[in-house]
Amino acid sequence: MPRFQAPRGTRDLLPAERASLLHLERMALALATRYGYQPIETPLFEQAEVFERGVGQATEVVEKELFRVQAGRGDGDGERWALRPEPTAGICRAYVQHGMQTLPQPVRLTLTGPMFRYDRPQAGRYRQFWQFDVEAIGDPGPAVDAEIIELADRFLRDAGVGETELLLNSIGDAACRPDYVAELVGHYRSHAAELPPAERERLERNPLRLLDSKDPGMAAINATAPRSLDRLCDACAQHFAAVRAHLDALGVRYRLEHRLVRGLDYYTRTAFEFFPRGAEGQQDALGGGGRYDGLIELLGGRPTPGIGFGIGLDRVALALAARGAGGASVEGVPADPVAVVVGADPADTVTRLRIVTELRAAGLTARADLGQRKLARQMEAAARDGAHFAVIGGDELRSGQVIVKDLLAGTQRTVDLPELAHELQRAQAQHRHVPASE
Ligand code: HAM
């Protein structure tokens, strides 16, 4: 076993896996852009308080899973930092910091990148993972709720993860939630003796989370728990009915799930999660999101509504791999070179490097054999590389020419060096129009 390994819960994305992720990242950005969302980038770490306030002190994400960062000798300027466990709090911090409330609302933003949670590693659960995140800030909905949910649904369809199930709930707002939570706590207290110890402890800090407990001992207790959907105030009930009407109009199918409460504290009203059909384990969620109408204010801004989602791209990639569709080719990243430059004089790497550099400057994908080995070995390697053409520098170099060999057709001809890039471009364009079987 090598002495140094990637940290537990993280993994190296080797080229094939990186290509799949890159493909998803590009799809995500292209799709979000079509819906009018603009890319934003925030730092990978923030003041820890952004997450403590935003995501919530009592959430697992902050309480147990935050990667706290210490700079230098650790006695820095008294700031406490943490790697971002999710992007929404940082994006809202940026919204406030840059006065985005003066822009036309809603401000539509998207971000794709790594997140960090000190989670217990298992399949689909990593300590560094990638999210595709979308946020619409400044619109109270409900049409934008449906737009956001449809966007998430569209992405999962376009990615090709197979059938998914959308779970939907409304968890109320500052007007109706306190009474609901009090009623819920009362319900659990009346079952105190039956509560598993971990849940009894959670009851004091984060009672809503008991609802989505996976502890089998909770099933019966939760079956009779009050439902937030039955306790919504008029405004929340109307909002939720309108979200549903918009989703119905768009043909987005969902299942109401009253136990869906989400793991982050900032949510109000609409909450949703996507699962592969037939799987509902906690590490199975492909993505989730909801409304966070109090978050901007918590972070020091004016009261501003918002809604968004995060899709776990690692889980999407896993779902694709499970369907045998993982090895997506990456548009715009040609895997195979058009040409490989080889030479009769093994020692003359200068000429080979000069020629390939010119080809690349002209926009071609090209490689050169820079090993000091015989021409026959160089040609073998060129064929293995999947190159279409070999550019061979031999005696003709003296008269400023090279031989261009078409490795697929087996033909070859002599080309003047100044013409080489143009010639290859022309040949490449021609080949693109010829189906491989011809
Ligand atoms: P979340 O539900 O915590 O929401 O995460 C969103 C998705 O990220 C999950 O559904 C899952 O696919 C993926 N994910 C979470 N943790 C891990 C992990 N340890 N390993 C692999 N994948 C993981 C949020 O983060 C919210 N910021 C979503 C949101 C945006 N709400 C409003 N706007």
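Q: Against which elements do the buried residues of α2 (48-56) pack?
A: In this predicted model, local features need a pLDDT (the predictor's confidence in each residue, from 0 to 100) of at least 70 and side-chain atom pairs count only at pLDDT 80 or more, whereas totals for chains, interfaces and linings use all residues. Residues are numbered from 1 along each chain as its sequence is written, and side-chain values use heavy atoms, leaving out hydrogens and water. Helices (H or I, at least four residues) and strands (E, at least two) are DSSP runs numbered from the N terminus. The buried residues of α2 pack, by contacts (heavy atoms within 4.5 Å), against β2 (45-47), α3, β3 (68-69), β4 (81-83), α4 and α10.

Q: Why is α2 described as largely enclosed by the rest of the structure?
A: Buried means under 20% relative accessible area, exposed over 50%, and partly exposed in between (1.4 Å probe, protein chains only). In α2 the buried residues are Ala48, Val50, Phe51, Glu52, Gly54, Val55 and Gly56. The helix is largely enclosed because the buried residues number seven of the nine in α2.

Q: Which residues have the most contacts inside the largest nonpolar core?
A: A nonpolar core is a set of buried Ala, Val, Leu, Ile, Met, Phe, Trp, Tyr and Cys residues joined through side-chain atoms within 4.5 Å. The largest one has 44 residues, and the elements giving two or more residues to this core include α2, β5 (107-116) and α6 (177-189). Within this core, the residues with the most contacts are Phe51, Val55, Tyr188 and Leu211.

Q: Is Leu13 buried or exposed?
A: Leu13 sits in the segment before α1 (15-34), and, leaving aside neighbours within four places in sequence, Leu13 is in contact with Arg18, Leu21 and Trp130. Because its relative accessibility is 19%, Leu13 counts as buried.

Q: How far is a nitrogen atom of the ligand from an N or O atom in the side chain of Thr88?
A: The ligand is surrounded by 28 residues (each with a heavy atom within 4 Å), and Thr88 is one of the closest. A polar contact is a pair of N or O atoms within 3.5 Å; within protein, one must be able to donate a hydrogen and the other to accept it, and residues adjacent in sequence count only if both atoms are side-chain atoms. For the side chain of Thr88, the separation from a nitrogen atom of the ligand is 2.8 Å.
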